[in-house]
Amino acid sequence: MICAARRHLVRTLADLAAQQGLELQSYLNAAPHKKAGHPAPVSSEGARSLLYDGEQVDAYLTGRPVPPIRTEDDDQEHEDDDLLDRREAAAVLGVAPRSWTTYRHHPLLTEHMVTVGGVEHWPRGIVHRYRDARPGRTAATGRPTGSGDQVPRDELLPRTAPLLDADPTITATAVVEQLGVSRNTAQHALTRLRADRIADLVGARPELSPDDAAAALGYPPALARRATARAVTVLRARAAAPYLADVAAAAHRAGWTTEAAPDVQLPGDDRVVAALVLDGDQAPVPALVWDERYGWRTAASRRHPITRDAVPSSEGGGVRYLAGGVTPPPAALIAALSA
């Protein structure tokens, strides 16, 4: 199982070999990953492709204590965003791993399948949803299958915030009980609120690390791990905001958009992506997308300019990457689109 918010830390055996300056076959022959004390793989028992948690591996290689991925008090123990491989997903359904080959073709599972380290995975919450919706099955716990959250989406954060104010150690389970929302919804709200407050405190006191800020706010490490990671991304997003606003202003002056600022998103809580819809009559493309890793690209759709999971789009079909680095001057960007 790949724990929620740790997908970016996953390493394959090839990654471990490269980290130690070895060819893969030489690494497999020496088999240092099988030595006593080496972190166990995060793959399910019996998996053909072994995956490891990079944070644990780094600690082991530098002689530091290997940190647990989770503790017994971690409120994310059953996090819906955990990624399960086929053996783990089959276990949730109570079927043999080979039977998963048939189930995995269901549209719900196909839509949410992700590949990590060359291995197919599915979010725990999606597997649960599929399990509970199968003919003759009902949801084992929680709200009835198919029922919606009892709090409108735009009211979720305002109604969760007072609960967090009253108890910095509040868990997703407690939010579910008090607001009548799903556990995934409650966890997402708490993560966002904690992350924003951690980022606010770091912004006001730059000498603090995000972990220090979380501790100062009274957030237990087990509950704040994901929020702390998101806070780092929030801080990068805030740092990029003036530049993105300058680009939007330049596009507006060119008559390409009525947007005051781009729509900034944090896919996976670990990267910053922004979309700028060009709705002017003379706009050269429907929209622009900025990714902190790759810079600007054009988008073929105004309605859905950012692809699912912010996976970089291939060029073609109205999509092309714009040269000039990650943050080209707004005037240069406008000139490149006008050419």
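This report walks through some salt bridges and helix contacts in a predicted model.

## Salt bridges around Arg 6

Let's start with charge pairs. Searching the whole structure turns up 12 salt bridges. One of them joins Glu 55 to Arg 6, with the closest N and O atoms 2.5 Å apart. That pair links distant parts of the chain: Glu 55 belongs to helix α3 (residues 54-61), while Arg 6 sits in the segment before β1 (10-12), and the two are 49 residues apart.

How do the partners compare in exposure? Glu 55 has 37% relative accessibility, so it counts as partly exposed. Arg 6, on the other hand, has a relative accessible area of 8%, which makes it buried, since the cut-off for buried is under 20%. There's a third player here too: Asp 53 joins Arg 6 and Glu 55 in a network of salt bridges.

## Salt bridges around β8 and β9

Over in another part of the sequence, the side chains of Arg 236 and Glu 292 form a salt bridge, at 2.8 Å from N to O. Arg 236 is in helix α12 (residues 221-253) and Glu 292 is in the loop between β8 (287-291) and β9 (295-299), so this pair ties together parts that are 56 residues apart in sequence. Are these two buried or partly exposed? Arg 236 is partly exposed, at 32% relative accessibility, and Glu 292 is partly exposed as well, with a relative accessible area of 21%.

Arg 293 and Asp 291 also meet through their side chains in a salt bridge, again with an N to O figure of 2.8 Å. Here Arg 293 is partly exposed, at 36% relative accessibility, whereas Asp 291 counts as buried at 8%.

## Helix α8 and its neighbours

Now for the helices. Which residues of α8 (residues 153-166) are buried? They are Leu 156, Thr 160, Ala 161, Leu 163 and Leu 164. A bit of background helps with that spacing: an α-helix has 3.6 residues a turn, so residues three or four places apart point the same way. The buried residues of α8 pack against α9 (172-179) and α10 (183-204).

Take the α9 side of that packing. The axes of α8 and α9 are 11 Å apart, and the helices pack at an angle of about 125°. Oblique is therefore the word for how α8 and α9 lie to each other, and α8 passes α9 in a right-handed crossing. From α8, the contact uses Arg 159, Thr 160 and Leu 163; from α9, it uses Val 175, Gln 178 and Leu 179. Sorted by class, that contact has 3 nonpolar, 2 polar and 1 charged residues.

## Where α10 meets α12

What is the angle at which the axes of α10 and α12 cross? It's roughly 55°, and the axes come within 7 Å. That crossing makes α10 oblique to α12. The crossing of α10 past α12 is right-handed.

On the α10 side, the residues in contact are Thr 191, Arg 192, Arg 194, Ala 195, Asp 196, Ile 198, Ala 199, Asp 200 and Val 202. They meet Leu 223, Arg 226, Ala 227, Thr 228, Arg 230, Ala 231, Val 234, Leu 235 and Arg 238 of α12. By class, this contact of α10 with α12 has 9 nonpolar, 2 polar and 7 charged residues. Helix α12 is also home to Arg 236, the partner of Glu 292 described above.

Terms used: Residues numbered from 1 in each chain as written. Predicted model: local features only at pLDDT ≥ 70, side-chain atom pairs only at ≥ 80, totals over all residues. Heavy atoms only, no water. Buried < 20%, exposed > 50% of the residue type's maximum accessible area, 1.4 Å probe, protein only. Helix = DSSP H or I, 4+ residues; strand = E, 2+ residues; numbered from the N terminus. Contact = heavy atoms within 4.5 Å. Salt bridge = Lys/Arg side-chain N within 4 Å of Asp/Glu carboxyl O. Axes fitted to C-alpha atoms, helices over the stretch in contact; angles between N-to-C directions. Parallel < 35°, antiparallel > 145°, perpendicular 65-115°, else oblique. Left-handed = near helix turned anticlockwise from the far one by under 90°. Nonpolar A, V, L, I, M, F, W, Y, C, P; charged D, E, K, R; others polar.
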